[in-house]
There are 2 protein chains.
Amino acid sequence: MTQRLTHTEENYLKAIYKANEKTKSAVNTNTIAAYMNTSAASVTDMMKKLANKELIIYERYKGARLSPTGSKTATSVIRKHRLWETFLVQKLGFSWEEVHEIAEELEHINSDELITKLDEYLGFPKYDPHGDPIPSADGKFMLREQMILSQLNIAESGILVGVKNHETSFLSHLNKLNIALGSSILIKERSDFDKSLKVSVSEGADVVLTDMVAKNLLIRKS
Amino acid sequence: MTQRLTHTEENYLKAIYKANEKTKSAVNTNTIAAYMNTSAASVTDMMKKLANKELIIYERYKGARLSPTGSKTATSVIRKHRLWETFLVQKLGFSWEEVHEIAEELEHINSDELITKLDEYLGFPKYDPHGDPIPSADGKFMLREQMILSQLNIAESGILVGVKNHETSFLSHLNKLNIALGSSILIKERSDFDKSLKVSVSEGADVVLTDMVAKNLLIRKS
DNA sequence: ATATATTTTTAGACAAGACTAAAAATATTT
DNA sequence: AAATATTTTTAGTCTTGTCTAAAAATATAT
Ligand SMILES: [Mn+2]
Ligand SMILES: [Mn+2]
Ligand SMILES: [Mn+2]
Ligand SMILES: [Mn+2]
């Protein structure tokens, strides 16, 4: 008997889920406010509502964590988001930096049948266009061995499997550098001064990556 | 500078558009209330808001009609609705009676680029799975010569090009009778008593259609 | 341990979209 | 032309999701 939630409620649950992925412990009001780009007061209001609906466990001044139901809902919204992003890129020909905003709306369309059929139509993809794992219908994520590009040593190389930053500006920057999911990146030099890297992308010409960029690239060592 | 509208506002504009298609003159408060399944008071409230935003021309006690901007918006929502329905049937394998509810949500997704790409992906379809014309990006509809099945005489036949009723129960009824868009329907007998028809569908076995059904079938004489 | 700073909650308001009940305007009968 | 019926609007409330300003709780610094 899954209750019908508003877009806003779903977005709050997703925010708590994502914040909780990092911190592991209960999520602060201010953290959620930052994620949701709203005021702390609004967050407190919503926490009471979500707690009433038993979607979160919330204690005044202590923060919130998802209940099993809340967690299931959040995962389902993430699943929908990532399946739609995959559709937009693979079928409609969007570029990976264009799809997040649209998927933010599509993720709230309410139809299990639709998602089942979309998943099948896409061939049951396991990762979205940013390399993020797509949870299965029962909420399980495909785990993957991965590390951050900055952690590689000189002469080591990796395959890009994901990005930590999803902003359009960052993804467009990668486009310009000819870096995409699946690109092979070989470390050639590291500056002692600013940690910037000279790398070769897929055996092509050398390019320079700032540490800022390198920290946001997830690779599988190759 | 098209203002961003809520789902509700878009639905009201669509309701006025559809009601106006039939009556041609200004649309009554009660008519809109029936379309929107809401109270007359709520409609009056909304009429004031839409008039303020110059999406409709509204006069107290006289009813509403769409402004050029309102008409453009309504047409665009209908275009999105019908393109999504086409996607659901042609690409995801839904049946024609399953798609309306889902399209009611999808029609509010806000991205011109998305609709342009979806249209292209579907091969620029001119009619949706119910035979309704899909307006072009600039709001033009493909006109078509059509008539109601009931108007045919004995021994005449037609190709089903559309349905006037979109309810799931009606469409499922047609499924059972093996009637689909493109079916050829030949009139064999008409009852004087209740106007029910004996017809043969695509050269198959005879079936009986009540006048209620026949009135909702749009055909091209063949 | 006390003072100060930060975080979080409460209080009070507002806009959107809905409702019911009552009043006002318009339409239809007689 | 009245009387009656129907339609539409107004008035007053409610819920959701938001806000600002002030109060309360917790954390940090002295
Ligand atoms: Mn995204
Ligand atoms: Mn993504
Ligand atoms: Mn429809
Ligand atoms: Mn349709």
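Which residues come nearest to DNA strand C? Of the 21 residues around this strand, where a residue counts as near if one of its heavy atoms lies within 4 Å, those that come nearest are Thr44(A), Lys48(A), Tyr58(A), Thr6(B) and Ser42(B). Sugar and phosphate make up 76% of the atoms of DNA strand C that come within 4 Å of the protein.

The model is a predicted one, in which local features need pLDDT of at least 70 and side-chain atom pairs count only at pLDDT 80 or more, whereas totals for chains, interfaces and linings use all residues. Residues are numbered from 1 along each chain as its sequence is written, chains are lettered from A and ligands numbered from 1 in the order in which they are written, and side-chain values use heavy atoms, with hydrogens and water left out.

Polar contacts (pairs of N or O atoms within 3.5 Å) show how individual residues meet the strand. A phosphate oxygen of DNA strand C lies 2.6 Å from a side-chain N or O atom of Thr6(B), and a backbone N or O atom of Tyr61(A) is 3.0 Å from a phosphate oxygen of the strand. The side chain of Tyr61(B), in turn, places an N or O atom 3.3 Å from a sugar or linking oxygen of DNA strand C. Two or more residues of the surface near the strand come from each of helix H2 (29–36) and helix H3 (40–52) of chain A, and from each of helix H1 (7–23) and helix H3 (40–52) of chain B, helices being DSSP runs of H or I with at least four residues, numbered from the N terminus. H3(B) gives the most, with five residues.

Turning to the metal site, the manganese ion (ligand 2) is coordinated at 2.1 to 2.3 Å by Glu85(A) through OE, Asp128(A) through OD and His130(A) through ND1; donors here are N, O and S atoms within 2.8 Å of the metal (3.2 Å for Na, K and Ca), and water is not among the atoms, so sites may look incomplete. In sequence these donor residues follow the spacing E-x42-D-x1-H. Glu85(A) also coordinates the manganese ion (ligand 1), which is 3.5 Å from the manganese ion (ligand 2). Asp128(A) is buried, with a relative accessible area of 4%, and His130(A) is buried at 0%, where buried means under 20% relative accessible area, exposed over 50% and partly exposed in between (1.4 Å probe, protein chains only).

Note on methods. Polar contact = N/O pair within 3.5 Å; in protein donor to acceptor, adjacent residues only side chain to side chain.
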